[in-house]
Amino acid sequence: MRMKSYAKLNTGMRTHAESERPPSFGLCALPPDPLDTEPQLAFPSTRPFRSLLTSIYLSILYSDPTALLRATRLCHIFAFIYTMDSEGDSGNKFHKLLQEAQRLAAELNPKLAKKRRSAKPVSGVVSWRQRDNSGQIIPKFPPKTYNSTTRKRSSSEVAEPVFQQPEPTPYDSAQELNALQDLLRDIPPQEKGTVPLSWAERQAQSSEKWNASRSAMVKNIFLAEHTDTYICDICLQNTSVVRCRDCLPRQFLCSSCDTQIHQHILHNREAMFEGFYQPLAPNMIIQLQNDGSHQIKHEVRLLPVRLPQQCTCSPSQLKLTCGKEVILVGINGRYQLNLPTLSCSQCMKSWTTGLDELVQCGYWPATINHQTIFHVDLFQSFQDLKQLAPGLSRQAFIGMLDERTKYFGRTGKICGDTFQRSFLEWCYAQHEVDKLLEVEPFRCTACSPQMHAVSVDGNRKLYRFKNASGSATKGLFDGTFLARDEEVSSFVAQIQQATKHTPGKGMCGSSQWTAAKEHSGKSASKIDEEGLEIAVCRHGVLLRALNMFRGEIYAYPLYLQKELSPSNVSFFCSDVACKYYPYLEKVSNKCSELQGLLEMHPLLSVMHAKAHSWTCELKWGGRNQEGAGNTIGEEVEQVNSFLSRAAISTKYMSKGGRTDMLTVLAMGWNKKKMSNMDKILAQRYAKAVQRVADDKLKLEELKAELRIDDAVIQQWVTEVQHWPEANSSLEGEASREVILKKKIEGLYLSVMQRKHRLYRQTDSNKRRHKLRQKIAEEKAALSSAIEELREQTDIILPAVDELLLTENFVWSWTYLGPTDLRTKKAIFDQVMVIRRMQEEEQIVVQEMRRHLNSLIGVAGSLKTLLLDQSNGAHCGYHSMLRRRLSVVNAQVHHTKALFSLALHGEMTSQDMLSEDREEQVSDVEDTSDDDNDIDSS
């Protein structure tokens, strides 16, 4: 009876233990029973007790302390049952122990009794599944996507059984809570933390608060306009007649205190004696009449400047009088003032405010005669606004100043032409100061002295009308950023004469590119400059640009390449590199001085490569160039998204004004880039390291899915790399079948490109309507070509709509064998990404070193200049050098700390969030090209 009862009780325990045995567990001695003081009994080496022991260890692993005590007690009960003698002991004692054992076993697994009847036989193969902290099963492999090439599971393969973890054993929560409270008895009570609200809840609460206080706000507006009787806050005797909001907290003044305080201060005041607040100009004062009334009168106000100490006479001998009238323009509008004149009645010396004193006091003249002067703070505000909103026009800014002039009770208009000329003169003077302070606005510190890559592209939106107002004089910044037009024209004429070019269309496959031309005629429209050709480094720093007069011809990027050749550029990126490099080889054979340009490796920009043919992408694409790293070649698109917004105002400017304004915007863009260069490089390194690990894991998943090894991968990569050579051998055919295939490829690419540009590169519904018409025509032609090809060759392609849903479709006639080359191409792309990201790690490390060395070098140069400029004549220059050195030293310290975090992998998730908003090149589309960039024949 004893063994029979034990077998009945152990049936469920053994099944449970065999199904939940952890692979790392083995038999070991149990801890002493805390419920019994008797010595522990040893377990026999039998299978029932091995199963029991495994079940107890599972309760230890997955249950709470209370379940552990029950499991240990159960262990002792079974040991006693196994060793006791049924003939010598009482049957009642045996049955009591057996009932207690059954109860404890049920508590360990309360759901076992319900599942015992329906339990299915379990195979001998057991799979242990890992779980995360929340109890969810961690898959052995990430979810897979199977295609037609994946081998199907044979019927002989049996899936491994998956077992669920045992349910947690319930425990006495009240007892545990009391025990925890006993441990925390010495801790002082703390305030409960509030749960953060969601954005919608915060907005709802904010709206409720505004709704509740809106009536009070309106009431306070009326109270603020109430002209009550106040005592002067200065003398505390007379009745106030003026309110000055700029003099808070003492804003109410009497007439005498107002005249004394605001004699040399341009505050915005309001008269209050007529029952309402009336704005007062600085040259308006309030006088008290004999009858006790008040009257507004005009009084001369002097321009606030620093008065010199021109003589050693007594201050009582000095007399301050008003000089000529001037117009001051500040952020609050226009002021009518007078220049101060100082004279001494004893030594008969006199002093009048001149140009030197105005500049030193923070003003800038509109003309050399300084009849109108501007506050420097106004120029700085306008420059900041232009950087944030490049499309802001000077008329809009001047209109805002005119409105502020009226609001504060003053009159007069501000001349826009005078403002722009004075602003550009101030910017040029700041540029000259920066050059003396070792600031190079068009040099990337991370790319010096050796530049890894240069990207060149055109911007067709930055054109200028011929009838734009203004003189034809050159700009102040002519040749600084934009190359001089006569030098570019001379170079283009020299190249075209040497190569004896033949006009033609630039084709890649069946796609036509307006940027891929050797020659383009002058536009017959009313446009003078047709756009810009821009060169930037791989960090988005502007390097050089030129005006386009004949469209995007090869000679323009060739000129920029020649200008940047001293920077030791490794890769020259272009959206038509497949056509530009053969042109460069032809030109270099004719012009020996350009032979050195062939040392730059051509790189087809990554995004534009998708619009080229497959063979072109494999041969010239940036992802497939050894040593290119993560250079995408689309950095100009990011800059174009900024500069193109200025086209709305620059197209109406004069030639010189347009050159100067674009240069100022370019310098502001580079200044922002260079201030964030340390963060950009640190983020790029951290992301490159993370990408390498992620892409390797993805490649391992593909290997496991396709059941291939490294040797097969290398073979496939080699095959894909030889596709361009194999495809070129078939280009000599001229059959109708080949013509149809080329036509289908070209129409497919053209439709895809036009759909991509439908909203990204068009800014009007009229242009979008033309694009939609062209797309419809090309889709109809594509459908006809597919049907004709099917009738002639029995090649079946998907329907047009289904075909256009597939990006970078692989044509069946490009296959080189029975293997599915789409799979090979996917493996090839993944391998290339891993190689490029591994190269990117090394490249970024070099750039980090160059950037840090450049900052240290600038600091050394500034220290040398400080030693040379120590006399009194250059004291201002000496102070500016010290300030510049302080800024550079702070940058060096911050850069070292940031680079150290990146190299040690300690950058936080917030630091890894983004690479500066303007650095996300792939998310910014160019809006500079016109609708005729790509035409399909």
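## Asn547 and its sheet

Asn547 is buried, because its relative accessible area of 3% lies under the 20% cut-off. Keep in mind as you look around that this is a predicted model.

Where does Asn547 sit in the fold? The residue belongs to strand β16, which covers residues 542–548. Two polar contacts link its side chain to other side chains, one to Asp485 and one to Arg658. Here they are side by side:

| Side chains joined | Polar contact |
|---|---|
| Asn547 and Asp485 | 3.1 Å |
| Asn547 and Arg658 | 2.9 Å |

Asp485 and Arg658 also appear among the residues in contact with Asn547 once its neighbours within four places in sequence are set aside. The others in that list are Leu482, Glu529, Gly531, Leu532 and Tyr556.

Now step back to the sheet. Strand β16 is part of an open sheet of five strands, which follow the order β16-β15-β12-β17-β18 with mixed pairing. The edges are formed by β16 and by β18 (601–604), each of which pairs on one side only. On average, and with direction ignored, neighbouring strands here are turned by 20° against each other.

Further along the sheet, you can find β12 (residues 453–459) beside β17 (residues 571–574): these two run parallel and are joined by three bridges. As one example to look for, Val454 has Phe572 in β17 as its bridge partner.

Finally, a helix joins the picture. Helix α15, residues 577–590, packs on the sheet and touches β17 and β18. The direction of α15 makes about 160° with that of β18.

How values were computed
Residues are numbered from 1 along each chain as its sequence is written. This is a predicted model: local features need pLDDT of at least 70, side-chain atom pairs count only at pLDDT 80 or more; totals for chains, interfaces and linings use all residues. Side-chain values use heavy atoms; hydrogens and water are left out. Helices (H or I, at least four residues) and strands (E, at least two) are DSSP runs, numbered from the N terminus. Buried means under 20% relative accessible area, exposed over 50%, partly exposed in between (1.4 Å probe, protein chains only). A polar contact is a pair of N or O atoms within 3.5 Å; within protein, one must be able to donate a hydrogen and the other to accept it, and residues adjacent in sequence count only if both atoms are side-chain atoms. Contact means heavy atoms within 4.5 Å. Two strands pair if DSSP finds at least two bridges between them. Axes are lines fitted to C-alpha atoms, for helices over the stretch in contact, and angles run from 0 to 180 degrees between N-to-C directions.
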